[in-house]
Amino acid sequence: MVEQGVLDIMYLNKNNSSSAASSPDKGKKKFDNLKISFTDDYPKKNAEILSGQYGINLLLVGLSLMLALSYRGSAVKEEHLLSLLISLMLLQITWMLWYIVRKDRQTCFVSEKDSDAGTSWLRGGLSLLALISLIMDAFRIGYYVGYKTCLSPAVGVYPVIHAVHTISQVHFLWFHVKDVIKTFETFARFGVIHAVFTNLLLWCNGVISEAKHFLDTHKRRLLDLGDTNITVGEEEPCCNCTTNTCSIFSHGLSYLYPFNIEYHIFVSVVLFVMWKNIGHTTEYQRNQNVVMRTNGLVAGPILGTIALASTIVVLVLYIIKVGDSAETRESAITMFYCYGIVMLLFMCLAGSVGLLIFRSDNVPLDYSKNPSRKLDADLLFGTAIGSWLMSWCSILAVISTKSRPVYGWINFMYSLLVIIEKYIQNLFIIESLYRKQETSERDEVETIPEIYSVSAGSSLSLASSYNGIINRAFENQDKVCVSLETDQEVNNQGYSHTGSLPEGSISLHTRRLAKPSKRRRVLKNIAVFLFLCNISLWILPAFGCRPQFDNGIEEETFGYTIWTTIVTVAMPLNLFYRMHSVASLLDVFRKV
């Protein structure tokens with residue numbers, strides 16, 4: 001019994017010693033695992049949240065300055081806000097320069113691409129808006145030169161930095177917006193989200209400046225019509241202009257505000273897609289190349305051009321008549337609502353026909369992950385809230401108001417059609433964007449012979465095309481660092497000696513050119529018609545045709561302050577909705 005007890009004690013001591021020896025190893029392993037979890041998994045899981053919180057707080061800081069600046073007695077001055085915006089733009093320029101230099105140094109690295117982000121036509125539209133923004137910066141510089149004796153230097157520095165920021169940002173969007181960043185992800189998230197919210201702050205600054213200018217114009221119009229309860233603040237600085245062009249620059253800025261506003265909000269959306277793509281897992285979907293064809297486009301462009309021309313006429317007549325007298329003002333508002341009712345009825349009809357065609361095709365929807373497409377759908381619904389809010393307020397005002405103007409129930413019909421039209425158009429666009437591409441269709445086919453010659457010893461490889469993000473990391477890595485001269489030599493050796501090929505080496509192939517079916521022709525015409533109609537409905541409020549301020553019905557129900565606040569907040573969303581619909585409908589036309 002004693003010997004057995006001694007053996008048990010020795011056995012226990014042996015186990016305890018081995019466990020004591022292994023405890024440091026276990027502790028080291030736990031420490032290593034903890035270290036890996038904090039240095040590897042932690043940033044990947046939470047960098048998006050951290051960068052998002054940084055961007056939101058950046059936006060709130062800028063908005064607080066803008067709100068304080070709107071109060072005339074505040075200690076916050078315009079140079080404080082401009083100094084913040086200048087600092088943010090310089091910081092974004094520095095980050096973009098760092099990204100471009102770092103990527104150019106990685107000569108043997110081929111990054112993944114998102115083919116849906118930043119299409120060529122979208123980048124072209126942004127470049128056009130950027131060009132108009134540069135013209136606006138030139139006007140601001142000219143305005144500052146005229147009043148430099150009583151303006152802060154920040155007013156003159158801001159347009160210069162904004163012009164440099166615009167040029168560098170357009171260059172970045174043209175060449176790098178499709179990149180799917182997989183290195184320095186945490187730092188890249190903060191850099192891209194900083195660019196997103198910098199452009200959002202510039203958009204908010206433009207919206208507030210444009211709204212202030214429009215409200216002052218509206219107040220002056222009321223004063224001319226005999227309203228003595230309105231006070232208008234001074235727009236011009238408290239000094240004399242040293243040049244003869246100050247008034248030209250001042251009035252020209254009011255017409256350029258809408259383009260600058262749309263430029264910054266579109267850049268924010270495009271950069272937000274790039275931010276969502278950072279560290280994104282690639283998905284592959286085999287699909288044919290999309291080619292834009294204009295066969296059968298007759299009714300859509302003709303009707304859309306008529307709508308656009310009538311929009312210009314209505315805009316000119318409205319601006320001329322609304323400030324003359326009470327009678328002409330009433331006729332101008334009535335004319336606007338009648339025009340809007342006819343336009344919205346045709347748009348509702350076109351969207352409904354498009355939805356019926358989609359429903360009759362029975363083509364399944366594509367639910368694969370696509371950040372760009374999901375953002376398009378979210379923005380269509382999110383920005384439609386602005387005009388829906390104004391429309392419901394107008395409907396309530398018409399029903400409850402005591403005064404009965406001629407255009408009262410016409411305003412009711414117009415507001416109701418705005419709600420229905422956006423509802424139908426959103427469904428039509430999203431139905432098209434989420435619809436899968438048809439691989440085989442009953443279209444008329446025209447065959448054209450083509451001759452392909454292949455040299456002896458060469459092999460012909462058929463490369464598949466993919467939608468979505470293209471992962472070039474799976475390609476042959478030996479081809480990444482090959483110089484252009486070597487590629488040209490190989491190509492010349494492979495395809496230049498067709499004369500010495502033996503008989504039978506030349507093969508005849510046919511290329512299939514599918515003419516669009518009748519359904520596709522109708523859908524293309526609908527997309528073009530809605531495209532031009534949305535441009536028309538963007539032009540009217542963007543250049544001063546806003547009967548929501550002039551009809552007086554809503555002000556009687558909600559009061560001047562509340563109704564002015566509603567329109568000031570909702571109108572920029574409505575303008576962005578129309579411009580975003582234009583971009584989405586061009587995508588619909590391309591994919592039909």
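Buried residues account for 44% of the 592 residues in the chain, in what is a predicted model. The secondary structure of the chain comprises 15 helices and 7 strands. The chain exposes about 31,800 Å² of surface, of which 63% is supplied by carbon and sulfur atoms. When contacts in the chain between residues at least 6 apart in sequence are considered, 90% of them join residues at least 24 apart.

The structure holds 8 salt bridges, and the pairs described below include examples that join separate elements of the chain. In one of these, Arg 189 is paired with Glu 48, with the closest N and O atoms 3.9 Å apart. Because Arg 189 belongs to helix α5 (residues 185-224) and Glu 48 to helix α1 (residues 2-70), this pair ties together parts that are 141 residues apart in sequence. The two partners are given separate burial classes: Arg 189 is buried, with a relative accessible area of 7%, whereas Glu 48, with a relative accessible area of 29%, is partly exposed; the latter value is above the 20% under which a residue is counted as buried. The pairing also forms part of a network of salt bridges, in which Glu 48, Arg 189 and Lys 276 are linked.

Helix α5 also contributes Glu 210, which forms a salt bridge with Arg 546 at a separation of 2.9 Å between the closest N and O atoms. Here the partner is found in a loop, since Arg 546 lies between α12 (518-542) and α13 (547-550), and the pair links distant parts of the chain that are 336 residues apart. Both Glu 210 and Arg 546 are buried.

A further salt bridge is formed between Arg 578 and Glu 421, for which the closest N and O atoms are 3.1 Å apart. Arg 578 is located in helix α15 (residues 560-591) and Glu 421 in helix α10 (residues 408-433), so that parts of the chain 157 residues apart in sequence are tied together by this pair. Arg 578 is buried, with a relative accessible area of 4%, and Glu 421 is likewise buried, with a relative accessible area of 2%; each residue therefore falls under the 20% relative accessible area that defines the buried class.

Definitions and conventions: Residues numbered from 1 in each chain as written. Predicted model: local features only at pLDDT ≥ 70, side-chain atom pairs only at ≥ 80, totals over all residues. Heavy atoms only, no water. Helix = DSSP H or I, 4+ residues; strand = E, 2+ residues; numbered from the N terminus. Buried < 20%, exposed > 50% of the residue type's maximum accessible area, 1.4 Å probe, protein only. Contact = heavy atoms within 4.5 Å. Areas by Shrake-Rupley, 256 points an atom, 1.4 Å probe, with all protein chains shown as cover. Salt bridge = Lys/Arg side-chain N within 4 Å of Asp/Glu carboxyl O.
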